[in-house]
Amino acid sequence: MKANDKKRLGGAMAFVILMGIVSLFSDMTHEGARSILGEYLNLTGASAATIGFVSGIGEFCGYSLRLLSGFIADKTKKYWTIVIIGYILQVSAIPALALIPENGWMIACGLVILERIGKAIKKPAKNTLVSFAANEIGTGKGFAYQEFLDQLGAFLGPVILFVIAWVKGTGELFSTYRICFAILGIPALITIGLVLYSKIRYPHPEKFEKAVKNQEKFEFKKSFLYYTVAIGLFAFGFADFTLITLHAAKTQMFPDSSLSLLYAGAMAVDALAALFFGWLFDKIGLKSLIVSTVCSAFFACFVFLSGHAWLMIIGILLWGIGMGAQESIMKAAVSKIIPTSMRSTGFGIFETVFGIAWFLGSWLLGALYDKNRVALVVVSVSVQLAAIVFYWLSIKQPRKECCL
């Protein structure tokens with residue numbers, strides 16, 4: 001390997017790790033908050049219906065706006081500016097929750113939505129910056145390292161809040177939660193500092209990527225459409241973790257104080273699964289997502305039909321495998337399909353489809369939970385397995401269409 005190639009490879013790896021550390025502190029902030037947010041909103045005066053509506057709208061904005069932000073990023077090429085603005089909005093909204101008065105549920109709900117909007121603004125541009133370096137070190141591995149560090153933060157955040165609640169006690173739960181949000185201001189500030197440093201240290205990450213072979217204009221080829229349908233089906237059948245924690249709380253299979261630890265455990269599995277399936281993607285391409293889907297498709301059977309704590313834990317582990325695989329491989333596949341000049345738009349399209357499908361699927365699965373849990377499981381499993389058909393169709397398209 002030439003000296004210049006070694007230097008570029010080393011720089012690309014350092015950039016991927018640095019951006020992964022940014023994600024670690026960012027996820028420590030907002031995923032830590034997510035583990036207690038539902039109950040906190042209730043304490044501020046929000047009804048269960050309001051919490052469900054705001055959560056749904058927040059997730060819808062958090063994904064659907066990525067189509068617009070990705071398009072703007074490609075048109076302006078101001079990737080770093082968009083990433084910085086998005087991060088500042090996202091992580092600043094969390095410690096601001098500590099300032100909410102006891103009946104300030106409307107302000108709190110607004111901050112929840114603002115946090116999701118911030119994520120939508122920065123996500124396509126950030127993924128594009130990472131893709132430049134990831135293509136140099138191995139696309140699957142590059143995004144897997146990102147996801148591992150990302151989910152390490154998602155694991156640590158809820159654990160830290162669990163420790164705070166344990167030390168502080170839950171006599172005045174509202175006061176305890178306000179302290180938790182205030183402390184999350186520390187990783188929020190670290191996130192902003194690190195992303196500003198990353199911009200100064202690596203102002204032009206696009207230089208990491210070698211001359212791109214597929215600079216042709218992007219078109220909606222069959223491989224792209226099949227893959228998009230597959231991602232949408234997977235997301236539709238993949239229940240949000242809030243439904244899992246709701247079931248755990250209702251069945252009393254676990255103490256209420258340990259619910260945040262269930263989410264932390266799922267995030268830990270997510271992180272490890274991302275590393276493995278990212279490596280596997282570089283070996284066998286999109287077939288790795290078929291493998292992960294087969295593993296995770298049956299999580300609902302264990303979670304919602306078992307009636308035993310240890311079987312529910314198995315279901316949560318399978319859920320974590322599915323989440324980790326799709327988070328790393330989905331981004332890696334987009335980098336392979338989309339030309340560099342349209343990559344932020346491509347990330348925006350994929351993540352918008354994923355988010356809308358997840359929102360609609362979670363809505364349906366939530367409705368089925370109250371009426372017929374067997375029907376919930378049937379829908380969840382069958383739709384995820386249907387995604388495998390479209391993954392396979394995407395793979396079978398002529399090689400000239402994609403590199404999957």
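This passage goes through the nonpolar cores, the cysteines and a surface patch of a predicted model. Local features need pLDDT of at least 70, side-chain atom pairs count only at pLDDT 80 or more, and totals for chains, interfaces and linings use all residues. Numbering runs from 1 along each chain as its sequence is written, and side-chain values use heavy atoms, with hydrogens and water left out.

On the inside, the largest nonpolar core (buried Ala, Val, Leu, Ile, Met, Phe, Trp, Tyr and Cys residues joined through side-chain atoms within 4.5 Å) has 85 residues. Buried here means under 20% relative accessible area, exposed over 50%, and partly exposed in between (1.4 Å probe, protein chains only). Helix α13, residues 309-337, gives the most to this core, with 12 residues; helices are DSSP runs of H or I, at least four residues, numbered from the N terminus. Tyr-391 is among the residues with the most contacts inside the core. Beyond four places in sequence, Tyr-391 has contacts (heavy atoms within 4.5 Å) that include Tyr-227, Phe-234 and Leu-286. Another core, of 25 residues, lies apart and includes Cys-109 and Leu-173.

As for disulfides (cysteine sulfur pairs within 2.5 Å), the structure holds zero. Cys-61 is buried at 17% relative accessible area, and its sulfur sits 13 Å from the closest cysteine sulfur, in Cys-109, so the gap is too far for a bond. Cys-180 is in no disulfide either, with the sulfur of Cys-109 the nearest at 19 Å; Cys-180 is buried too, at 1%.

Out on the surface, Phe-71, in helix α2 (residues 48-76), is partly exposed at 43%.

How values were computed
Helix = DSSP H or I, 4+ residues; strand = E, 2+ residues; numbered from the N terminus.
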